[in-house]
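The following exercises concern strand pairing and salt bridges. Each task is followed by a solution in steps.

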Amino acid sequence: MRMQDEVCPLGVPGSTVFNVERRPGCRRKAGRESPWNLLDSVFSIFIFLLAFLRAAHALGHNATIGFDGAPDHLKLATLSTSVQLILDAADWPGVLRVADDLAVDFGRVTGVNGSVSVTNGANISPLNASMIFNITRKSNWDVPGAKTKPKGGVIIAGTLGRSAIIDGLVKQGKIDVGSINGQWEAFESQVVRSPMQGVDQALVIAGSDKRGTIYGLYDISEQIGVSPWYYWADVPPKNHDMICALPTIKVQASPSVKYRGFFLNDEAPALTGFINAKYPAGKYGPGFNADFYSTVFELLLRLKANYLWPAQWNSMFNVDDVRNQPLADEYGIVMGTSHTEPMMRATKEWNVFGHGPWQWNLNNASIYPFFVEGAKRAKLYEGVMTMGMRGSGDTAMSSGIETDMLENIVETQRQILTNVYGNATVPQMWCLYKEVQGYYEAGMRVPDDITLLWTEDNWGNIRRLPIPSETNRSGGAGVYYHFDYVGDPRDYKWINTIQLQKTWEQMSQAYVRQAKTIWIVNVGDLKPLEIPISHFFDLAYDINRWGADSVPEWLKLWATREFGSDVAQDIADVVDRYGFLAARRKYELVEPNTYSILNYEEADTVLADWVALGRKAQDISDNLPAAAKPAFFEMVLHPVLAGGNFIDIQISSAKNQLYAAQGRNSANYIAQNVLDKFNYDHRLTVRYNTLLDGKWNHMMDQTHFGYAGYWQQPMRQATPPLQYVQTLERDLAGDMGVSVEASNGSVPGDDQYHTNGGETLSLPPMDPYGPKRWIEIFSMGTNAFTWKVSAAPFVQFSQTAGTLSPNASNPDIRIYVSIDWSACPPGSNTTVINITSSTNYGTQYSMPTINLPYNHTVLPSNFTSGFVESDAHLAMEAEHYTKLTPASNLTYTLLLGNGRTLSALTLSDYLAPSLTTSTAPLLEYDFYTFTPTTNSTAVNLTLILGAGLNTTPSRPLTYAAQIDDLPVQKRAYIIDQPAGAWPIGWYQAVAQASWQNTTSWGALPTGQHKLKIWLLEPGVVLQKLVLDLGGVRKSYLGPPESYRVGA
């Protein structure tokens, strides 16, 4: 953690964001701050803290707006006065348009729109704003109703070199723009006295370029209480009686990442259905027109993004509506096309206008003019040109790696750009997606000014990042990331499943490794991914603001912005917990057998977590103001309720199948629960689609039940398999059945899980350091019965008798078994539990019994810290080490909330060299065992590691482990494949959101031991460790953490 962060107030950046607080009128020379004496400094800090405490701030950045009307604050607007925005008519149209937005945003907050006045002071002509006026149905920058109200305070905004007002203030020495002049998308704001004739003082916003000014204006919008998601997520504006500018100077440096955008992809059925319902169809298909894209452009800019890959599969951005591209440019959006759409041509354009196959070696005569037209059409506008070529429909160009052909394609494309653009600089990128990475691995290179857009595996795990020899390329590098995907091993495109901690871990590594020219994320339909989109862009805008432990803080700031400070912490907790639970496995990959219903109470615990989360979210919703409920439903409540409901259906289906096999009457009740929950899912979908009079109709149309092992979306929703028992007939073994933890079997009666004719099942062994065990008694007949359970005096039960009815709503009961160890005999043995029924056991069966093995183990008094074996295994969360020894100026960073069960550890420096056991930080885990192992029954150590990949080809992710003084074992646990293919075991790793690597250690005597772990490469993320001495049972998350002495 940076020292600067430790002393900063919440929401104020540490240092590298370059937000500088200065006294108005204290001019700053380029490169150094004017000296202050100590008293002046203390006084200024005091004034700032007072202002901060009663001010608003954009998410994660310092405040320049307040609401209390203090004497030294500039009053901008009230319930009866209108803020006055003054700009130069020659400024960028996108800047003037955003000034209009800000004026209206003041109206959203105070009820009184601001006014916009444009002057003609610059010696340059105004730029074309015809597309903006076309979309807004306006002919000038006037704001309705503003001029009828008394005038309030003044905001002057403009871009250096385009605004005579701003340039004049610089020339007069009234503002110092040395920190932003010539920078990319930077801005400065401050209160200035006598900025122009007739104005005593004004809030002045100066941008280094058009988007710098745009972000400076939208920064005010966000601070006064208008969320970037006011339209796309229906976040209500905050209300204030007064809005003031604080006497502080804000300097916002260039964003961390140059191009920051998202990709609208896999847009059917949801987004396409929404478009079809809301916008008129175009000549060639759905109406992805300028009216739609204007809302997307505005959202991107309010989120301080600047880059867009438009919808791909059934639309043509430049053809569907000829206004789209010029409107994007007037707004200030940098356009691009996806990894499979070169030279600014959409996939569908070739399908509609192309001739012949999309194969360069067979049809370059037709493809060449197609490329030329794309370059010519894009010439007038700001964009990033996609270079290279892939096959039709997001496939490989050929069956093998044909480097010569792709090099020829890029060379031809470069010549086209020279012919069309001349000597002008044309931003270009080559996206190394899927098989294209294989071309790079085979030695293909492109000119240094082309950005290398590295990709992840579609599941949030970056495949490759720049190595030192690649970091000096003028085009730099970037990352194409996914929050939504269609493809192997399964689509995931229903609702949000993104763990923000994972996003931080991957993208911060990318930034440190110099992949910071382009960050583009696939967001599918855009909704319902509002939260991860916001987080992604905040990282891209100012990644140094957000550290490894920043997600809880970010979420609280986000929740404060969207719903207010009173409920922010509760909402942040819900969203954080939701991301943790949902990221364990994508919904589409969760099946009835995913979570164990037999072992470790895994399924029941998972479901209980979801139920508790749903109750908390619903309680928050019930107490929110009516205006906030739609936004909360869209972003928080719907995914929590729908996600928990989905998990319930899968777990209930598993129970239904087991219970039917055991003959339980409750199988039918569970089946009905599945059907009820299935219908509840439909009601949640309808509720979403009809919210706000159907504003987002079809946005929740994505199917999500019924994948049945196939990767592609099901065409129709279908429940998991269900079975019913005949409750009108009695089981052959009577009315009462008994089952136990860790077994599919039941008694009395016969089944494949125990000896035929036997009436006995066995519980897993118990010891003083393990959990309680459970038995279930259930109805499987037609008669009510009374049951009784008994055993040795030291065996205790949560209930010893009861009555079950075949028609009860819950004809089962779970009984927990514990042992009074103070009364238990020493040593290891087995005791018997008897269970009786008041009715008979059919014609051929008898009273069931349960064997209970126990091990009365005793821990020596000198073992004072560490984990204790139970049931022949130990499970340890990575962060619960006994000792951490730093080395080589390195330690381990705790990634709170990262992973599947608690948290994770990773090396503190992503730029660390390859390490050895002598140079890497050391983790030590003390543990105690009671079960000896031999060479043939060896103890196995499994590390559960993050799903990240080898981002440096010559440095595979590696760890080393040692138990006691046994030889160290070193493991590179990801084995890459050539030609861009996925690593060995990748399908399972991404499905289970982890790599799981096992080493075997042979004979291990009982007693105290020490496990040592070294993470030898940056990017290794350690979540959990499991030692199996023969007792680990099948589950998804692994055994719960073992008992820990000294915790």
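**Exercise 1.** Identify the bridge partner of Ile155 in E8 and place the pair in its sheet.

*Solution.* In this predicted model, Ile155 has Leu203 as its bridge partner in E8. Strand E6 (residues 151-159) and strand E8 (residues 199-207) run parallel and are joined by five bridges; strands are DSSP runs of type E with at least two residues, helices runs of H or I with at least four, both numbered from the N terminus, and two strands pair if DSSP finds at least two bridges between them. The open sheet has six strands in the order E5-E4-E6-E8-E7-E10, with mixed pairing. Strand E5 (115-119) and strand E10 (250-252) each have a single partner strand, so one side of each lacks a neighbour in the sheet.

Residues are numbered from 1 along each chain as its sequence is written. Local features need pLDDT (the predictor's confidence in each residue, from 0 to 100) of at least 70, side-chain atom pairs count only at pLDDT 80 or more, totals for chains, interfaces and linings use all residues, and side-chain values use heavy atoms, without hydrogens and water.

**Exercise 2.** Locate the salt bridge between Arg664 and Glu776 and state whether Arg664 is buried or exposed.

*Solution.* A salt bridge requires a side-chain nitrogen of Lys or Arg within 4 Å of a carboxyl oxygen of Asp or Glu; here the N to O distance is 2.8 Å. Arg664 lies in the loop between helices H20 (629-661) and H21 (666-694) and Glu776 in strand E22 (residues 773-779), so the pair ties together parts 112 residues apart in sequence. Arg664 is buried at 1% relative accessibility (buried is under 20% relative accessible area, exposed over 50%, partly exposed in between; 1.4 Å probe, protein chains only). Glu776 is buried at 7%. Both belong to a salt-bridge network that includes Glu601 and Arg814.
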